[in-house]
Amino acid sequence: MGVNDHGPAHVSDTGNTAVTGRAGREFPERPIVGVGAVILDGPRVVLVRRRFEPLKGRWSLPGGAVEVGETLESALTRELAEETGLHVDVGPVIEVFDRITRDEEGRVRYHFVLVDYLCRPASGDLQAGSDVDAAIWANVAALADHDLTDKTMTVIAQGVRLSGDWTGGPR
């Protein structure tokens, strides 16, 4: 989700210490806020294959973690540019949900609170970047070919339905 494998500890302006980078994501002390996008262009949606856990090697929606001091929409546009090379018009929120993964002993290994937005490409060329192995335009009617999670399938379907109501450009 948009950061390196290991990040340094960072002391904020308020004096709070936070772990930045991927190291603080596994077995977190608190949920991590993340953003994602259903980027639609006609009958196509952008999918990325994750390079790191969680969901390593799986097709998913592009997005990543919100950094301290960053708005949700700023985080979204930054992450999408980093992961896909696309600059987007950000539309309405599709859904807010938890993604919680537990280890074999039942401990919380990952806990994200995710805010997924409907987006349209504005500029740029689709290409894999930062923490994804691949980025593709997939036909919405052929998503079963990509072994997406049930939740990802649901969010894409909700985005497609919502796209008919989104008539403007950027919000």
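1. Let's start with helix α1, whose buried residues are Ala75, Leu76, Arg78, Glu79, Leu80, Glu83 and Thr84. Keep in mind as you read that this is a predicted model. Notice that the buried list holds Arg78 and Glu79 alongside Ala75 and Leu76. A general point helps when reading such a list: an α-helix has 3.6 residues a turn, so residues three or four places apart point the same way.

2. What do the buried residues of α1 pack against? Their partners are the strands β3, β4, β6 (63-65), β7, β8 and β9. The helix itself covers residues 72-84, which makes 13 residues. From its first C-alpha to its last it reaches 18 Å, close to the 18 Å expected at 1.5 Å a residue. Just after α1 comes glycine 85, with a positive phi of about 75 degrees.

3. Next, look for the nonpolar cores. The largest one has 21 residues, and those with the most contacts inside it are Val38, Val45, Leu47, Leu61, Leu143 and Ile156. At least two residues of this core come from each of β3 (32-41), β4 (44-50), β7, β8, β9 (132-139) and α2 (150-163). Strand β8 gives the largest share, four residues. Another core, of 16 residues, lies apart from this one, and among its members are Ile39, Leu76, Leu86 and Ala135. You have met Leu76 already, as one of the buried residues of α1.

4. Isoleucine 156 is a good residue to click on in the larger core. Leaving aside its neighbours within four places in sequence, isoleucine 156 is in contact with Val38, Leu47, Leu61, Leu143 and Leu148.

5. Now for the hairpin of β7 and β8. How many bridges join these two strands? There are 13, and the strands run antiparallel. One bridge to find on screen is that of threonine 101, whose partner in β8 is tyrosine 110. Five residues lie between the strands of the hairpin, where glycine 106 takes a positive phi near 90 degrees.

6. Stay with tyrosine 110 for a moment, as it belongs to the one aromatic pair that the structure holds. The rings of tyrosine 110 and phenylalanine 112 have centres 6.3 Å apart and planes at 15 degrees, so this pair counts as stacked; the cut-off for stacking is planes under 30 degrees apart. Both tyrosine 110 and phenylalanine 112 are buried.

7. Is aspartate 103 buried or exposed? It sits in the loop between β7 (87-102) and β8 (108-123), and it counts as buried because its relative accessible area is 12%, with the limit set at under 20%. A polar atom of its side chain lies 2.9 Å from the backbone nitrogen of glutamate 105. Once neighbours within four places in sequence are left aside, aspartate 103 is in contact with Phe27 and Arg109.

8. Finally, please check two backbone angles with me. Phenylalanine 27 has a positive phi of about 55 degrees although it is not a glycine. This residue is found in the loop between β2 (17-19) and β3, and it is partly exposed, with a relative accessible area of 36%. Aspartate 147 is not a glycine either, yet its phi is positive, at about 50 degrees. Aspartate 147 is found in the loop between β9 and α2, and it counts as exposed because its relative accessibility is 53%, where exposed begins at over 50%.

How values were computed
Residues numbered from 1 in each chain as written. Predicted model: local features only at pLDDT ≥ 70, side-chain atom pairs only at ≥ 80, totals over all residues. Heavy atoms only, no water. Buried < 20%, exposed > 50% of the residue type's maximum accessible area, 1.4 Å probe, protein only. Polar contact = N/O pair within 3.5 Å; in protein donor to acceptor, adjacent residues only side chain to side chain. Contact = heavy atoms within 4.5 Å. Core = buried A, V, L, I, M, F, W, Y, C linked by side-chain atoms within 4.5 Å. Expected span 1.5 Å × (residues − 1). Pairing = 2+ DSSP bridges. Phe/Tyr/Trp six-rings, centres within 6.5 Å; stacked < 30°, edge-to-face > 60°.
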